[in-house]
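Let's look at some labels and ask where they come from. Each question picks a label, and each answer checks a value against the rule.

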Amino acid sequence: MSERDRMVWLHDAAKAYGEGPRRVQVLQGLDLEVRKGELVAVVGPSGVGKSTLLHIIGLLDRPDSGTLELDGTDVSCLDLEARAKLRNTLIGFVFQYHYLLDELDARDNVALPLRIAGRTGHAARGRAEELLTRVGLADRASHFPDQLSGGELQRVAVARALAMEPPLLLADEPTGNLDRENSEMLFSLVRELHLMEGLTSIIVTHDEEMAGRCDRAFRLAPAGERSGDV
Amino acid sequence: MRAELHLARRYLGRLRRRTHVATVSGISLVSLALGVLALVITLSLLEGFQSTIRRELLQRSAHARLAPASGRVLPDAKALVSVLRAKLPNVAVTEIVSGTCLARSFADAIPALVEGRSNTHRVAIDHILAARLGVGPGEQVEVISSRRRLTPLGPVPVRVRLEIADVVAPEPGRESGALTVPLDVAQRLLWGKPVVQSIELRDPADPWHLARQVRQALAGRFPGLRVDGLQQLHRSLLLALSMERIMIFVAVGLMLVVASLNLLCNVAMIAAEKRTDLAVLSGLGLTPSGLRRLFVLLGLAIGTIATVVGAGMGTLVAVTLDRTHALTLPRGVFIVSSVPFRVRPEMVATVSLVALGLAILASWLPARSVARRDPAEGLRYE
Ligand SMILES: Nc1ncnc2c1ncn2[C@@H]1O[C@H](COP(=O)(O)OP(=O)(O)O)[C@@H](O)[C@H]1O
Ligand SMILES: [Mg+2]
């Protein structure tokens with residue numbers, strides 16, 4: 001894979017939690033490459049470190065060692081401030097839990113990354129409404145999180161993740177809390193957006209069928225064993 | 001900045017729904033407002049009393065005094081007075097001679113301070129002496145000097161009979177009786193010649209700087225002369241007043257500090273409760289400095305509301321109590337009959353700024369530790 005085609009390059013990453021006897025080595029010697037435009041599923045047993053991996057790629061956490069390049073730039077040594085700015089422009093997140101702010105309605109939640117980027121309230125709200133329409137929630141813009149269903153909340157979260165048109169979408173079991181029907185709907189939505197927006201996406205999932213519908217599936221193995229494509 | 005402002009507004013605006021956070025912020029707001037209120041009222045009260053005392057002092061006391069550096073008599077008094085009159089035309093100049101004599105009435109004979117002043121032609125006696133001698137306006141006292149005069153009958157004390165014109169309040173701080181008489185009467189009684197022992201100056205326009213003006217006007221032309229201003233004449237009283245002000249400011253200011261510590265606890269609590277939200281904001285790209293700004297804005301909002309409410313109510317209470325004379329004092333205890341309040345705008349401004357500063361500090365401290373974390377820690381949802 002040439003350097004120009006590469007969106008994510010994680011090399012020899014290690015991460016451990018805890019100190020002394022309670023120390024758990026979660027990741028060790030991990031390599032992961034993701035091509036631009038690829039839709040990659042990350043699979044593996046619970047507790048193996050899938051979320052940890054995604055947090056590291058998404059600059060929400062730091063590996064203990066190893067290099068991370070995003071879109072050709074080495075981001076291993078950036079400070080908190082620079083990492084925050086990159087998260088804003090480069091990366092969209094969707095988690096298992098929606099993590100919308102209770103105090104804001106759907107529109108303002110979606111507009112949040114835009115406001116953080118310094119857009120005016122008017123511009124941010126306009127774009128947020130556009131995105132809510134894209135995820136089929138145009139009529140729910142003024143509803144607060146406690147007035148929305150689980151599936152709707154996740155769709156708002158997807159809209160928020162894509163607000164800044166980031167090239168990289170990271171989703172950590174986005175359907176983990178949803179029933180079959182909503183899961184299917186959300187996954188289809190994500191896949192559709194992935195294709196239409198030309199995103200590079202990494203999705204952690206337990207669902208074999210979903211993993212099968214991705215370009216490839218990456219199996220994360222416990223530290224010490226070999227991780228790799230299925 | 002846009003996102004922070006928007007969020008701060010939303011957090012505060014939606015507080016009504018989040019009962020716990022609302023209660024917590026409400027309590028910090030109220031306690032901070034109470035601190036400001038207490039500080040404004042207390043300082044107004046203090047200022048009321050102090051300005052009454054100062055006003056009284058300025059009314060009753062000389063604003064500057066010239067006295068010989070050594071000896072009992074001012075050398076060159078005539079020249080001195082004419083220089084003062086010429087150079088400081090708006091300043092009242094009073095020549096003074098004073099000494100102790102025996103004051104006698106039909107009832108008693110008591111040693112009394114006799115003060116001759118060039119600015120009076122009447123004889124005034126203070127309450128203390130009037131009471132002891134049992135005399136009042138229109139009655140006579142005999143004043144007997146320790147100076148003797150030679151007569152065919154041998155040396156006899158110099159004495160005069162004086163008719164009392166006024167009974168006046170004693171000078172502040174004076175405990176034995178005193179008699180104020182025209183200058184020439186005192187000169188005759190105490191010296192037998194026209195000497196002057198000291199000069200008192202009054203300048204209601206600028207009392208606190210009179211001594212300096214006098215020194216400049218005299219420009220060292222009269223050596224052996226001591227010039228004392230209000231600061232020197234009433235050193236201990238003025239020192240006590242300013243000490244009192246500082247001590248009370250510190251003591252009540254501690255209340256403000258306690259209120260801010262309370263705010264700090266509460267902001268830290270909100271930070272803990274909103275840990276996930278903060279991690280989400282950080283995840284969406286809000287920088288550490290942005291997080292700090294968000295907290296400072298919240299603190300600023302709470303601080304501003306508290307300060308405006310506290311300072312406003314404090315001012316209102318103080319002004320109302322002062323205008324309506326609602327708190328009366330027993331007669332004769334103090335020079336005024338109700339508790340005086342005086343609200344000084346610069347004092348309210350100082351208190352408000354201190355309160356606001358503490359509120360900002362109190363919200364900035366927990367924000368600092370929040371901003372130092374990587375967001376992953378706040379996003380553990382199992
Ligand atoms: N902050 C933390 N402190 C200690 N242990 C942690 C922490 N975060 C994760 N772990 C541990 O790391 C391992 C991997 O966690 P995680 O990445 O969430 O796994 P997965 O997402 O694959 O289920 C788990 O054993 C978890 O208990
Ligand atoms: Mg996980």
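**Checking the labels**

A:Leu59 sits in the loop between helix 1 and strand 4 (65-70) of chain A; helices (H or I, at least four residues) and strands (E, at least two) are DSSP runs, numbered from the N terminus. Before we go on, this is a predicted model, where local features need pLDDT of at least 70, side-chain atom pairs count only at pLDDT 80 or more, and totals for chains, interfaces and linings use all residues. Residues are numbered from 1 along each chain as its sequence is written, chains are lettered from A and ligands numbered from 1 in the order in which they are written, and side-chain values use heavy atoms, with hydrogens and water left out.

Q: Why is A:Leu59 called buried?
A: Buried means under 20% relative accessible area, exposed means over 50%, and partly exposed is in between (1.4 Å probe, protein chains only). A:Leu59 has a relative accessible area of 1%, so it counts as buried.

Q: What is unusual about phi in A:Leu59, given that it is not a glycine?
A: Phi of A:Leu59 is positive, about 60 degrees. Most residues other than glycine have a negative phi.

Q: Which loop holds A:Glu173, and what is its phi?
A: A:Glu173 is in the loop between strand 7 (168-172) and helix 6 (180-197) of chain A. Its phi is near 45 degrees, again a positive value in a residue other than glycine.

Q: Is A:Glu173 buried or exposed?
A: A:Glu173 has 15% relative accessibility, so it counts as buried.

Q: What makes A:Glu33 partly exposed?
A: Its relative accessibility is 29%, so A:Glu33 falls in the partly exposed class. This residue lies in strand 2 (residues 24-35) of chain A. From A:Glu33 to A:Ala82 it is 49 residues in sequence and 23 Å in space, C-alpha to C-alpha.

Q: How do you know that B:Thr307 is buried?
A: Its relative accessible area is 5%, so B:Thr307 is buried. You'll find B:Thr307 in helix 10 (residues 288-324) of chain B. Its C-alpha atom is 5.7 Å from that of B:Ala33, although the two are 274 residues apart along the chain.

Q: How many disulfides are there over all chains?
A: The count is 0 over all chains, where a disulfide is a pair of cysteine sulfur atoms within 2.5 Å.

Q: Why are A:Cys77 and B:Cys265 given the labels exposed and partly exposed?
A: A:Cys77 has 71% relative accessibility, so it counts as exposed. B:Cys265 has a relative accessible area of 47%, so it is partly exposed.

Q: What makes the site of ligand 1 shared between chains?
A: Residues from chains A and B surround ligand 1, so the site is shared. Among those around ligand 1 (near means a heavy atom within 4 Å) are A:Tyr17, A:Lys50 and B:Arg380.

Q: Which atom of A:Ser51 makes a polar contact with ligand 1?
A: A polar side-chain atom of A:Ser51 lies 2.7 Å from an oxygen atom of ligand 1. A polar contact with a ligand is a pair of N or O atoms within 3.5 Å. For A:Lys50, a backbone N or O atom lies 2.7 Å from an oxygen atom of ligand 1.

Notes: A polar contact is a pair of N or O atoms within 3.5 Å; within protein, one must be able to donate a hydrogen and the other to accept it, and residues adjacent in sequence count only if both atoms are side-chain atoms.
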